[in-house]
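Colleague: I've got this model open and I'd like to go through the labels on it. Can you walk me through where each one comes from?

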Amino acid sequence: MSNRKSETSVNGGRRQFLQLTGLGIGAVALAAATSRSARAEDLPHLSPDDATAKALGYVEDSAKADSAKFPNHKPTQQCLNCNFYQGAAGSEFGPCTLFPGKAVHSKGWCSAYVAKPA
Ligand code: SF4
């Protein structure tokens with residue numbers, strides 16, 4: 001009988017530990033996500049006049065891409081559906097892995113565009 005009590009106590013302790021650990025991990029994940037989105041919003045916007053942006057034909061409005069210079073461009077191609085875009089859904093600007101430290105317009109485009117996998 002006393003073994004059962006001690007087993008119950010161990011299980012209760014383990015359960016409580018797992019619950020507290022789960023809460024802790026959840027809180028850390030939430031803090032990281034909040035901090036990440038706050039940082040993304042703080043990023044300076046990529047200027048179309050930036051040397052690399054210019055070389056890649058970056059525009060803040062995909063409809064205004066130079067189709068003569070970039071014949072493969074399609075108006076439906078926008079940063080928000082590019083594989084390099086890191087912005088949160090619904091945000092106007094977001095980070096792009098090709099332009100570290102800058103935020104690109106979600107409706108923008110550049111010639112490095114790669115469609116997100118479906
Ligand atoms: S690589 Fe993709 S997300 Fe980045 S600027 Fe070009 S089109 Fe936009």
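Modeller: Sure, let's start with Gly-108, which is buried because 28 other C-beta atoms lie within 10 Å. The numbering starts from 1 along each chain as its sequence is written. This is a predicted model, where local features need pLDDT of at least 70, side-chain atom pairs count only at pLDDT 80 or more, and totals for chains, interfaces and linings use all residues.

Colleague: What makes 28 other C-beta atoms enough for Gly-108 to be called buried?

Modeller: The cut-off is 20 or more other C-beta atoms within 10 Å for buried, 12 or fewer for exposed, and partly exposed in between, with C-beta atoms placed from the backbone. Gly-108 has 28, so it is buried.

Colleague: Which residues is Gly-108 in contact with, leaving aside neighbours within four places in sequence?

Modeller: Tyr-58, Val-59, Glu-60, Asp-61, Ser-62, Gln-78 and Cys-79. Contact here is C-beta atoms, placed from the backbone, within 7 Å. Also, the C-alpha atoms of Gly-108 and Lys-64 are 8.9 Å apart, with their positions 44 residues apart along the chain.

Colleague: And Ala-115, is that buried or exposed?

Modeller: Ala-115 is exposed, because it has 11 other C-beta atoms within 10 Å, and the exposed label takes 12 or fewer. Beyond its neighbours within four places, Ala-115 still contacts Asn-81 and Asn-83. Its C-alpha is 8.7 Å from that of Phe-84, 31 residues away in sequence.

Colleague: Where do Gly-108 and Ala-115 sit relative to the strands?

Modeller: Gly-108 is in the segment after β2, and Ala-115 is in that segment too, with β2 spanning 99–105. Helices (H or I, at least four residues) and strands (E, at least two) are DSSP runs, numbered from the N terminus. The chain has 2 helices and 2 strands, in the pattern α-α-β-β.

Colleague: How do you know that β1 and β2 pair?

Modeller: Pairing takes at least two DSSP bridges between the strands. β1 and β2 have 4 bridges, in the antiparallel sense, so they clear the cut-off of at least two. They form a hairpin with 2 residues between them. Pro-95 stands opposite Ala-103, and Cys-96 opposite Phe-99.

Colleague: What makes the largest nonpolar core a core, and which members touch the most others?

Modeller: A nonpolar core is a set of buried Ala, Val, Leu, Ile, Met, Phe, Trp, Tyr and Cys residues joined through C-beta atoms within 7 Å. The largest one has 14 residues, and Leu-46, Cys-79, Val-104, Trp-109 and Cys-110 touch the most other members. β1 (93–96) and β2 each give two or more residues to this core.

Colleague: Which residues are closest to the ligand?

Modeller: Cys-79, Cys-82, Phe-84, Cys-96 and Cys-110 are the closest of the 13 that surround the ligand. A residue counts as near if its C-beta atom, placed from the backbone, lies within 6 Å.

Colleague: Which element has the lowest mean pLDDT?

Modeller: Helix α1 (residues 2–42), at 52, while β1 has the highest, at 98. pLDDT is the predictor's confidence in each residue, from 0 to 100. Over residues 23–35 the pLDDT is below 50, and this stretch has 0 contacts in the model beyond near neighbours in sequence. Where pLDDT is low, the predicted coordinates shouldn't be read in detail.

Technical notes: Contact = placed C-beta atoms within 7 Å.
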